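Work through the exercises below with the model in view, and try each task before reading its solution.

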Amino acid sequence: MTAADAGTGPATELIGAAGPPSVHLEGVTYAYPDGHLALDGIDLTIARGERVALLGPNGAGKTTLVLHLNGILVPRRGRVAIDGLAVARDTVREVRRRVGIVFQDPDDQLFMPTVAEDVAFGPANFGVAAGELAARVDEALATVDMLEHRDRSPLHLSGGQRRRVALATVLSCRPEVLVLDEPSSNLDPVARRELAEVLLGLGTTMLMVTHDLPYALQLCPRSVVIDEGRIVADGPTRELLADADLLRRHRLELPFGFAPP
Amino acid sequence: MGAGHSHPLHLPGTSPVHRLPAEVKIVAAFLGVVCVVVTPREAFPVFAGYLLVLAGVWAIAGIPPGWMARRALIEAPFVVLAVLLPLTGPDPRVEWLGLSLSEPGLLGAWNILVKGTLGVLTSLTLAATTPLRDLLLGLQRLRAPAIVVTITTLMLRYADVIAAEARRMRLARISRGHDPRFLWQAGATARGIGSLFVRSYERGERVHLAMLSRGWAGRMPQLSTDRTTPRHWLTAMAPVAVAAALAVTGWLTT
């Protein structure tokens, strides 16, 4: 682990956080095997404790960007550092502990026979021992208010409950950075609000990929708009959502009847 | 339907048999079946003895024999084959109700029938008293290859997810007037199965990504902290010892 290779980007200095930023991307470029350029020189710095929404149309490169954060994809050019640790072959394990990704479909994430085992899967992989493991599981399940369902099969839970369990499976690894892919999709309004309450209470650095602009406004003070593999806007969510022209250019749209307050 | 804790072959309970660690029961069931298989087919009373041992285990585990008998019907398709043997087997033949039956064929059929039935009943006893996920844990503790345990764990979870997906696809098809009763409409069902395969494959890739993100390195972590003691082994080996004694008796008396 070297703190030296963590650059301090302009955004960090702006916010004035101490230590290296939670997420630092520098000139990240990635092309799929067919030559399609998915990411084209992404520079992004997220300070510790910041909550950032990643917005953009389908196929803009949002998911590709997310998979770079924990070393599942490796950039063709540029570099990625998490909390000062450069993502490389020999650091990928520690990076995956530090970056918790909650995937869009909880059925992809929850694969163990019971909720508690699924929540234990991550920390067990990262070497947390038996006694501590049970405490971690209970703590994570309590955070998302799912403790009483610990021994049930994920199959028998509602969509909102599954989403919260999927979040718990990542929280139990105690990540420094929480990445959420479309957290509000397929949730009823109550489940959507309950999830927001859980997320607002966490205090970890958060990057939220979403098409749900009101959700971005509610949860993330800052937003980044990405289109065709480039960052096209980065600023306070309220200001970006008020820029009708910007939204239209990048196929973003507020829901009918919604006006940013 | 149902995953993990609500399987049709499982009868939840808290009996001493239920409480035994899964790996102990797997080994006991395996050895029990080995005893049955090596018993000479002419040792008729010995097979009754095996059934008594099983009945004893059911009594302790609180499994009604009727519950067991209904599930043993899985065996029926294999019995059909056994029924053919006496009709098609070689000489010498015996006359029975006007039928000419082959004597070696009859013995062969009896051999398949009795050993198959006892094997099925033993497996059912194991399944009835052990939740599926405990069976996996047992296999893992018995040092089954990690890849087998991983695949089975994933199957256990995703069989239901894929079944639900297939159900949704079927509903969508019949909602659009598809009626697979007609032979010429079977093509749509076949294509449905094809796309289900592709979808499952894609899901497999997504699941793999999600597992990698949580630090998966090719091995399922051992999550249970319960210890298996020599006492557990002794308890489970008691019926196996009786079965072994029966097998030896079978060899000595025929």
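**Exercise 1.** Find the order in which helices and strands follow one another along chain B.

*Solution.* Reading along the sequence of chain B, one meets the pattern α-α-α-α-α-β-β-α-α-α-α-α, where helices (H or I, at least four residues) and strands (E, at least two) are DSSP runs numbered from the N terminus. Counted up, chain B has 10 helices and 2 strands. Its radius of gyration, taken over C-alpha atoms, is 23 Å, well over the 18 Å that the globule rule (2.2 Å times the number of residues to the power 0.38) gives for 254 residues, so chain B is more spread out than a compact globule.

This is a predicted model, in which local features need pLDDT of at least 70 and side-chain atom pairs count only at pLDDT 80 or more, while totals for chains, interfaces and linings use all residues. Residues are numbered from 1 along each chain as its sequence is written, and chains are lettered from A and ligands numbered from 1 in the order in which they are written.

**Exercise 2.** Decide whether B:L154 is buried, partly exposed or exposed.

*Solution.* Begin by locating B:L154 in helix α8 of chain B, which covers residues 146–175. Next, take the 17 other C-beta atoms within 10 Å of B:L154, which make it partly exposed, because 20 or more would count as buried and 12 or fewer as exposed, with C-beta atoms placed from the backbone.

**Exercise 3.** State what share of chain A is buried.

*Solution.* Of the 261 residues in chain A, 49% are buried. The radius of gyration of chain A is 18 Å, which agrees with a compact globule.
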